[in-house]
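I opened my notebook to look up a few things in this model. Short entries follow.

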Amino acid sequence: MKSFSLISVLSLIVAFLPASVQAKPVVADTSCTTGNATVVDASGVSVGFSRCIGRISGNDAARGGARMLGMLNDDDVFGDLDWVFAGKSDSGDFWADEGEDYGHWGIFAGLAPISGPFVVSFKHGNGFSAYFFDGVTSVKGGWFSLPVTRSNGRTNALSHASLFLAQTTTIPEPLSLALFGFGLMGLGVVQRRRLSR
């Protein structure tokens, strides 16, 4: 009986873990680490990215962000989350120091701060790099430096930055629902045995 109760409790714990905790680890190209991206959170502290990918050839924001959204939603490059394209800096949704190889990025004053997982990607030259942030709250912007892309140790200037937000509402996966069901059954059996005594 004790082992069944332990399984029930563990099942309940797993069932209620947020999707970002259950997400599978991703092995990504780390050439993006020759660049950098940070955010400033609610406490005013500068926080670095959790993971990054790139430099990847092509345009991250082509067709309304479809290229990067495919990598985020279909390939799960930063875990099994649901993502939306929030906009790019050259269309007025937020801003970045375009034409520079380092600088600041941010959202406009009238927009709500970012909380929860998000990705900011930087397109320069014929490719882009993307930086994943998690566990930060009330982000209004940050700083970036672009990866080196030329043999002379220089990089192309930023053409635009793109912002992708993780959906905050998570739907339990079938396995989580099954574990939750087994946990409830186990609690029911334990309760029934206690009442029959």
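Entry on one tryptophan. I looked up Trp95 and got 32% relative accessibility, so I log Trp95 as partly exposed. The cut-offs explain the label, because partly exposed runs between buried, under 20%, and exposed, over 50%. The model is a predicted one, and I keep that in mind throughout.

Next I asked where Trp95 sits. I found Trp95 in strand E5, which covers residues 94–96.

Which residues join Trp95 in a nonpolar patch on the surface? I noted Phe108 and Leu111. Together the three residues have about 260 Å² of accessible area.

Entry on the whole surface. I read about 10600 Å² exposed for the protein chain. Carbon and sulfur atoms supply 58% of that area. Of the 197 residues in the chain, 38% count as buried.

Entry on the fold. I counted 4 helices and 10 strands in the protein chain. Along the sequence I wrote down the pattern α-α-β-β-β-α-β-β-β-β-β-β-β-α. I then checked contacts between residues at least 6 apart in sequence: 69% of them join residues at least 24 apart.

Entry on confidence. How high is the mean pLDDT of the protein chain? I read 78, with 71% of the residues at 70 or more. Then I went to residues 6–28, where pLDDT stays under 50. For this stretch the model has 35 contacts beyond four places in sequence. Where pLDDT is low, predicted coordinates should not be read in detail. I therefore leave the detail there unread.

How values were computed: Residues numbered from 1 in each chain as written. Predicted model: local features only at pLDDT ≥ 70, side-chain atom pairs only at ≥ 80, totals over all residues. Heavy atoms only, no water. Patch = residues over 30% accessible without salt bridge, like charges linked within 9 Å, V, L, I, M, F, W, Y side chains within 5 Å. Areas by Shrake-Rupley, 256 points an atom, 1.4 Å probe, with all protein chains shown as cover. Salt bridge = Lys/Arg side-chain N within 4 Å of Asp/Glu carboxyl O. Helix = DSSP H or I, 4+ residues; strand = E, 2+ residues; numbered from the N terminus. Buried < 20%, exposed > 50% of the residue type's maximum accessible area, 1.4 Å probe, protein only. Contact = heavy atoms within 4.5 Å. pLDDT = per-residue confidence, 0-100.
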